[in-house]
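These are my notebook entries on one protein chain. I set down each point that I looked up, in the order in which I looked it up.

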Amino acid sequence: GESTKYTTSLDQIQNDSITALSAPPLTAIFTTVMCSLLEHSLRILWCQVNNRPDDCFARPSEYYVTLDGHGQRFKHEVMILPYLGDEKTRNELIRVIGAGPCALLSDLFAAPSAEAPNIRSAVCHGIWDVELVKELEGLGATSKESTDNARKSEPLLVDAAFALVSCLDLITSNLSSGKTRISNYRPVYTYTAMATRSLDRFLRDLVELDALVSENSSIADCIKTMELQQPKLCGDLRPLKIDSKALKEMAYDIFPTMVKGDDENWIDEDTFSEHQTNLALASNIVVLTLLADASDAIKKYLDGVQKRIDVLSMHPSSTKDRRILKTTTRFCSAAMIVRDFYTFTVYVALVTMKDRNDVGSPNDATKKKFNREDIVRASERSRMTLSTFDSHIANNLDRSLKALQQYLQGKAVKKVLLAK
């Protein structure tokens, strides 16, 4: 009955989509029209599977069910969120069309990242109006003129159009077969995706930095120099040390989807699990920023050491060479400080997530009770100190070390250290 009609309609839309994107292409026109068609088609299905028939239609004084609008989710239903408005009832649309297609829809229409396409918003706010007008004018043009216009099409618009077709393919194949075609597509632009990318990069570079510190004799000699010159600071920093394996386990506990391999399918339970960490990160943007900054900072320092490491074995024959060697030795002498401080900032970010949002294992030893203001202050202080430390380490190490000394004196940081 209705389901068959719906599937047939989507199949027809998909066939028409391929025609619209063939020569001469009408990419902007297709994308503009397709946003409304796809949204209302999904609205009809959402209402069917969630037993909400009245929400298929616009009603006076009632908010509409929409494809995007995550920021106003407390005022109206958003059809691709894992839960309905009560945050308790699971959205059956996830099960019917599949977690992979829903992840793709979220990335295309409702992602918080500035890098996300957010297609419907782009269309409604006129971002592609120039392309749209150009295509409308070209409808009456000759074949050659249409071809010339096609070469000037905005690449991002073309990508968005083909992404919509891919999404339609996933949805229609799931509905036509009556069986969900599991996809290994996973979210790219959600808060959790951004956080786990930062964590993955950080953990990867941490392993590399640990290897340099433990295996390279030249770096080890530089670190000894720092320990001799700054014995008190190095001693004060020892409590910051976090084992890389323990940090990884903590990250995996808080973000379970990090464990999944690239070739593993994205399933319904992944969607619901990620939703919880998305909400947690949405209320702790400082955590997201701190993780990204720590990932960038350790990468920057690691690249700097690898770029300079050959200088440590040079035999200076001039004042200039001696100056270069001295500067390089000083930069590399901070390797252990960098390793421990940067790792601790990531630990602070993860503790903030656990303490404030009850994510991860409830029996984890790191789940301590902090005053809300203290843990937020520790995260913010970590981010500010990391920024100062990273900015000056190459050219003014003394300033970086001074910022770190002040950081260690902060009450909120001391509380995190005591509970560690």
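**Entry 1: a pair of helices**

At roughly what angle do the axes of helix 9 and helix 12 cross, and within what distance do they come? I noted beforehand that the model is predicted. I found that helix 9 spans residues 191-215 and helix 12 spans residues 244-254. Their axes come within 11 Å and cross at roughly 170 degrees. I recorded both values because two packed helices are described by the angle between their axes and the distance between the axes. Angles over 145 degrees count as roughly antiparallel, and helix 9 and helix 12 are therefore roughly antiparallel to each other.

I then listed the residues that make this contact. Helix 9 contributes Leu199, Phe202, Leu203, Leu206 and Asp210. Helix 12 contributes Ser244, Leu247, Lys248 and Ala251. By class, the residues of this contact are 6 nonpolar, 1 polar and 2 charged.

**Entry 2: the chain as a whole**

I counted 19 helices and 0 strands in the chain. The chain has 420 residues, and buried residues make up 48% of them. I also looked up contacts between residues at least 6 apart in sequence: 73% of these join residues at least 24 apart.

One example of separation in sequence that I noted is Phe162 and Thr31. They are 131 residues apart in sequence, while their C-alpha atoms are 9.2 Å apart in space. Phe162 is found in helix 8, residues 155-177. With a relative accessibility of 44%, Phe162 counts as partly exposed.

**Entry 3: Asp55**

Is Asp55 buried or exposed? Its relative accessible area is 10%, so I entered Asp55 as buried, the cut-off for buried being under 20%. I located Asp55 in the loop between helix 2 (27-49) and helix 3 (92-97). The side chain of Asp55 is joined to that of Arg52 by a polar contact of 2.9 Å. Leaving aside residues up to four places away in sequence, I found that Asp55 touches Arg43, Trp46, Cys47, Tyr64 and Val65.

**Entry 4: two residues with positive phi**

Most residues other than glycine have a negative phi. I therefore wrote down two asparagines whose phi is positive.

Asn51 has a phi of about 55 degrees. This residue is in the loop between helix 2 and helix 3. Its relative accessibility is 64%, so Asn51 counts as exposed.

Asn118 has a phi near 40 degrees. I found Asn118 in the loop between helix 4 (99-109) and helix 5 (119-124). With 18% relative accessibility, Asn118 counts as buried.

**Entry 5: aromatic rings**

How many aromatic pairs does the structure hold? I recorded 8 aromatic pairs. In one of them, Phe344 and Tyr407 are arranged edge-to-face, at 6.5 Å centre to centre and with 80 degrees between the planes. This pair links distant parts of the chain: Phe344 lies in helix 16 (residues 335-357) and Tyr407 in helix 18 (residues 397-408), 63 residues apart.

I checked the accessibility of both partners. Phe344 is buried, with a relative accessible area of 0%. Tyr407 also counts as buried, at 0% relative accessibility. Finally, I noted that ring pairs link Phe341, Tyr342, Phe344, Tyr347, Phe389 and Tyr407 into a cluster.

Terms used: Residues numbered from 1 in each chain as written. Predicted model: local features only at pLDDT ≥ 70, side-chain atom pairs only at ≥ 80, totals over all residues. Heavy atoms only, no water. Axes fitted to C-alpha atoms, helices over the stretch in contact; angles between N-to-C directions. Helix = DSSP H or I, 4+ residues; strand = E, 2+ residues; numbered from the N terminus. Parallel < 35°, antiparallel > 145°, perpendicular 65-115°, else oblique. Contact = heavy atoms within 4.5 Å. Nonpolar A, V, L, I, M, F, W, Y, C, P; charged D, E, K, R; others polar. Buried < 20%, exposed > 50% of the residue type's maximum accessible area, 1.4 Å probe, protein only. Polar contact = N/O pair within 3.5 Å; in protein donor to acceptor, adjacent residues only side chain to side chain. Phe/Tyr/Trp six-rings, centres within 6.5 Å; stacked < 30°, edge-to-face > 60°.
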